[in-house]
Amino acid sequence: MRLNPDYRLHKLGRHYMIVDRCEDNTNFANIYSLSEVAGKLWIDVMDKDFTADDLVDILCRDYEVDRIRAAADIKILIQKWVDAGFII
């Protein structure tokens, strides 16, 4: 899977926001907030193909979380990103 290039991540302090780009313009009607963890995951896989296992590996590498819990959390995150159109 891959992140949809129509969406751009912006970091404001510790906050991450996804903004929908419309043909070289920014659509401020569609702004989504991400948790700090989700924002860091987005950065790690930006502009590259990735799998759910890649996200689990990143989560386990960067945070003290067991693999089973990480996999369950990533499954939920991926579904939310698919539903929002963030993943193509």
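Entry 1. I take partly exposed to mean a relative accessible area between 20% and 50%, and on that reading Glu-36, at 33%, is partly exposed. I keep in mind throughout that this is a predicted model.

Entry 2. I then looked up what Glu-36 pairs with, and found a salt bridge to Lys-40 in which the closest N and O atoms are 3.4 Å apart. Both residues lie in helix 1, which covers residues 36–45, and because they are 4 residues apart there, about one helical turn separates them. Lys-40 is also a partly exposed residue, its relative accessible area being 35%.

Entry 3. I ran the search for salt bridges over the whole structure, and it returned 6. One of them joins Asp-73 to Arg-69, whose side chains meet with an N to O distance of 3.2 Å. This pair belongs to helix 3, residues 67–84, where a spacing of 4 residues again puts about one helical turn between the partners. For Asp-73 I noted a relative accessible area of 32%, so this residue is partly exposed.

Entry 4. Which residue forms a salt bridge with Asp-62? I found Arg-61, with the closest N and O atoms 2.7 Å apart. The accessibility classes of the two partners are not alike, since Arg-61 is exposed at a relative accessible area of 55%, whereas Asp-62, at 41%, counts as partly exposed; the cut-off that divides them is 50%. I also noted that this pair does not stand by itself, as Asp-44, Arg-61 and Asp-62 are linked in a network of salt bridges.

Entry 5. I turned next to how helix 1 and helix 3 are placed, and found that their axes come within 12 Å and cross at roughly 75 degrees. Angles of 65 to 115 degrees count as roughly perpendicular, and the two helices are therefore described as roughly perpendicular to each other.

Entry 6. Which residues of helix 1 meet helix 3? From helix 1 I listed Ala-38, Leu-41 and Trp-42, and opposite them, from helix 3, Ile-74, Leu-77 and Trp-81. Sorted by class, this contact between helix 1 and helix 3 comprises 6 nonpolar residues, with no polar and no charged ones.

Entry 7. Reading the entries together, I note that helix 1 carries the salt bridge between Lys-40 and Glu-36 and helix 3 the one between Asp-73 and Arg-69, while the contact of helix 1 with helix 3 has no charged residues.

Terms used. Residues are numbered from 1 along each chain as its sequence is written. This is a predicted model: local features need pLDDT of at least 70, side-chain atom pairs count only at pLDDT 80 or more; totals for chains, interfaces and linings use all residues. Side-chain values use heavy atoms; hydrogens and water are left out. A salt bridge is a side-chain nitrogen of Lys or Arg within 4 Å of a carboxyl oxygen of Asp or Glu. Buried means under 20% relative accessible area, exposed over 50%, partly exposed in between (1.4 Å probe, protein chains only). Axes are lines fitted to C-alpha atoms, for helices over the stretch in contact, and angles run from 0 to 180 degrees between N-to-C directions. Angles under 35 degrees count as roughly parallel, over 145 as roughly antiparallel, 65 to 115 as roughly perpendicular and the rest as oblique. Contact means heavy atoms within 4.5 Å. Ala, Val, Leu, Ile, Met, Phe, Trp, Tyr, Cys and Pro count as nonpolar, Asp, Glu, Lys and Arg as charged, and the others, Gly among them, as polar.
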